[in-house]
Amino acid sequence: MLDDALATTFADDGPLARSVSGYRPRQAQLALAQAIEQAVHDRSVLIAEAGTGTGKTWAYLVPAFLSGAKVLVSTGTRTLQDQLYRRDLPRLREALALPVAAALLKGRSNYVCHYHLERLQDDDRALKSRQEVAQLRHIQVFASQSQSGDKAELTQVPDNADIWNRVVSTRDNCLGQTCPHLKSCFVYKARRQAQEADVIVVNHALFMADLALRDEGITDLLPEVQLVVFDEAHQLPDIATRFLGSSVSSNQLLELARQIEAVGLAQAREATDWPQWHVKIQKATRELRLRVDPVDRLPAKRATYESMPSAESVHEGLTQLHEVLAACNERLAVVAEKHPDLQTVHRTCTDLAARLFQWARAAANATSAQEPITTPLVRWVETSPQHFRLHSAPLSVAQLFSRFRRPDQSWVFTSATLSVNGDFSYFQRQLGLYDAATERWESPFDYATQGMLFVPSSLPLPNSPAFTEQFAQQLVPLIEASPGGVLVLCTTLRAVDRITELLKEAFDERGIDRLLMQQGVGSRRGLLERFQASKNAVLVGSASFWEGIDVPGEALTLVAIDKLPFAPPDDPVLEARLNACREEGGNPFMEYQLPEAAVALKQGAGRLIRSESDWGVLMVADRRLVDKPYGKLLWRGLPPFARTRDPEQVLVFMAKQHCAEIN
C-alpha cells in the first residue's frame, strides 16, 4: 500500500535517513504526509496547519512524488519558489531515486524577452545612465548564454533595476505567434517544460494571474494537474484580492499617449493625426488628475468612489477620458495590422479603456462558462503629487477562488498560520473552502523551555503620545543583554523611522556598538544577508519583515513587536468588508479584524524559534495582549512560551540561555 511506502520513506532507516545528513523521523511530518495522501486519493480539499519544524515541505513532496499525479506546487514568494526547485526537489528526487521531471514557472516579467532586448539595444536614446549601459551589456551576455532567461540568475543586475521593465514582455506587448524570436522565447520554453513536467513549481501571484485569465476564457498559462499544493497558504486571500481586481494609473495612460505618438509616426507615417491623439489622451488624463485633487487633502490621500469629495466631477472626467480612449482605439484598429508595434499599442489601449470603463461602473459581473456570478467591487482612488491610480478589488474572493477547482482535482493548503487558536473558519470563509477537511499539528519545539513571551506592564497604551519613546527605552536594556541579533517589528513605516531614530540616540549615549539597520535603507535581501552575517545586528522593519525570515541560532535571540498588528481602518477593501459585515448583522471586529491580527501576530512570533536548538525572547509591547478580554484569543494562538511581565526575569532568562549555549 502507498501508506506503507510513506512510513518506509520517513522511517529512521528509510531513504531519507540514508541520504540526508541530520535527518530524524517526526511523527507530525508522517501524519501530515498521510493526510495529504488521503486527500489525493479522495480528490478532496485539505487545509493543514503544521507548526514550525514539522518539515512540511517534504511532507507534501513525498506523497506528491509517490502518487504519480501531475502536481502543481504554489509558493508564497519567488525566493521560496527558487529554493524549492533548486534545493528541495533535487535532494528528494535523489534520495527516493525517482525519475520525477520538475519545472520552474514564473510570470513573464521574470524572463528576458529577445524582441524587447533587441529594440532597446537599437535605441540610442533609451538608456538613462552609464550604469544602465553596463547593465544592458550584462543582460545581453546573459540572454545569449542562459538556458532559462530567468532574471533571478543574473546577480550583476538588481531585481528592481528599472532596465528590466524594458527588456521583458507584458501580456499586452507580447507579439505571440508573430514574434520573430518565438523559437528561442524563454517564456514559451518555460511553459513547454511545465506542460511536460511531473511537478511544476509556481508562486501564488502566477497562480492567481492564471485564475484571472481563466475568468476571461484564456486557459493556456498553467497546465492541467491532478494535485495543487499551496505552501504558505495564509498569503492567498490577500494575493487573490489583488490579482482578481485591477488598476489604472495616470502613468500608464501618459505612457500610452507617448507610445501612440512614437509608434504612429514610425510605422504609420501616412496618417498625420498621431500627435493629435497623443495630446488628447494627455489632456484628458491631466484633467482627471485635477478633478481628483480634493483626495490630496485626505489623511491617507485615498478615498473610495462612494466617499470621494468630488465624485460627480470625477465621473465626468472618467467619461471624457474613456471617450477619448475609445475613439483613439478605433483609429488604431484601422492601422494595427501594418506592424507588430501598432498591434501592441492597440492591445494596450483596448485593455486600459476596458479597465477604465469597468472602474467607472457601480458593480462588475464576472462570468464563467458555467454560470454568471456577480461580485461587488470595492473601488478607490489614490493620489500622489503628480499622478493618480484607480483601484478596484472584489469585496470577497470566496466565490471567484473556489469555483476553479475541478471535481477530479485535489487541493492542499498548508502553512504554520492558518487557524486562529485552532479554528480554521476565518481562512475557510475567505477562500470559500467551507467543505474542506482541516487538520493541525503542533511544532515539535519545546517552546516553554526555549522561549519567553514578555509583555511589559509599565508601558502606556499604544495610542498614547509617549508610547513609542517608552517602548524604545524598555527595549534598549534587552538589546544590550541579547547576545544575538534583534528584530524589531513595527506596524507602520512611521514607527520604523521613529524607533530607528530613538535606538540610534540610545546607542550613541550608552556606547552600544551594534550594527543598526532600517527597512528601506537597502534592499530587503541585502538587509537580511547583512543581519545574518553580523550575528548581533539590530534590524527595524515593518510589514514585509513579519514573515519569510529564517534566521536560526544566535543570529536572532530577540524579536520585539511594538503594537498588535491590526490592519489600518482606512484600508479601502477592509473598510468595505467591515461595513458589509456590519450591515449583515455581524461583528466586524471579531469576524475580520481580530482573526487577521491573530494570524499576523503568529507570523511575527514565528521568526524567533527556527530550530530545536534555538532560544529567544518575544517582546510584545502592546499591553492590550494581556489587559483586554480579546487578548486571550491572541496570546493563546502563540507558541506556548514561558510568560512574564517583569523585565528582570527576561534578563535572567537571557543570561541563563546564553551560558547554556556557551557551555
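This report covers salt bridges and one buried loop residue in a predicted model.

Local features need pLDDT of at least 70, side-chain atom pairs count only at pLDDT 80 or more, and totals for chains, interfaces and linings use all residues. Residues are numbered from 1 along each chain as its sequence is written, and side-chain values use heavy atoms, with hydrogens and water left out.

**Salt bridges**

The model holds 32 salt bridges (a side-chain nitrogen of Lys or Arg within 4 Å of a carboxyl oxygen of Asp or Glu). Three of the pairs are tabulated with their closest N to O distances.

| Basic residue | Acidic residue | N to O distance |
|---|---|---|
| Arg-24 | Glu-612 | 2.4 Å |
| Lys-56 | Asp-231 | 4.0 Å |
| Arg-258 | Glu-255 | 2.8 Å |

Arg-24 pairs with Glu-612 in a salt bridge. This pair links distant parts of the chain, 588 residues apart. Arg-24 sits in the loop between helix H2 (15–19) and helix H3 (27–42). Glu-612 sits in the loop between helix H23 (588–605) and strand E19 (616–620). Helices (H or I, at least four residues) and strands (E, at least two) are DSSP runs, numbered from the N terminus. Arg-24 is partly exposed at 42% relative accessible area. Glu-612 is partly exposed too, at 44%. The classes are buried under 20% relative accessible area, exposed over 50%, and partly exposed in between (1.4 Å probe, protein chains only).

Lys-56 forms a salt bridge with Asp-231. Here too the pair joins distant parts of the chain: Lys-56 belongs to helix H4 (residues 56–67), Asp-231 to strand E5 (residues 227–231), and 175 residues separate them. Lys-56 is buried at 16% relative accessibility. Asp-231 is buried at 2%.

Glu-255 and Arg-258 form a salt bridge inside one helix, H12 (residues 250–267). The two are three residues apart, about one turn of the helix. Glu-255 is partly exposed, with 33% relative accessibility. Arg-258 is partly exposed at 44%.

Some salt bridges share partners. One network of this kind joins Asp-82, Arg-86, Lys-106, Asp-150 and Glu-153.

**A buried loop residue**

Where does Asn-110 lie? Asn-110 is in the loop between strand E3 (102–104) and helix H6 (114–121). Asn-110 is buried, at 6% relative accessible area. Leaving out residues up to four places away in sequence, Asn-110 contacts Arg-78, Gly-149, Asp-150 and Lys-151 (heavy atoms within 4.5 Å). Asp-150 thus appears twice: Asp-150 touches Asn-110, and Asp-150 belongs to the salt-bridge network.
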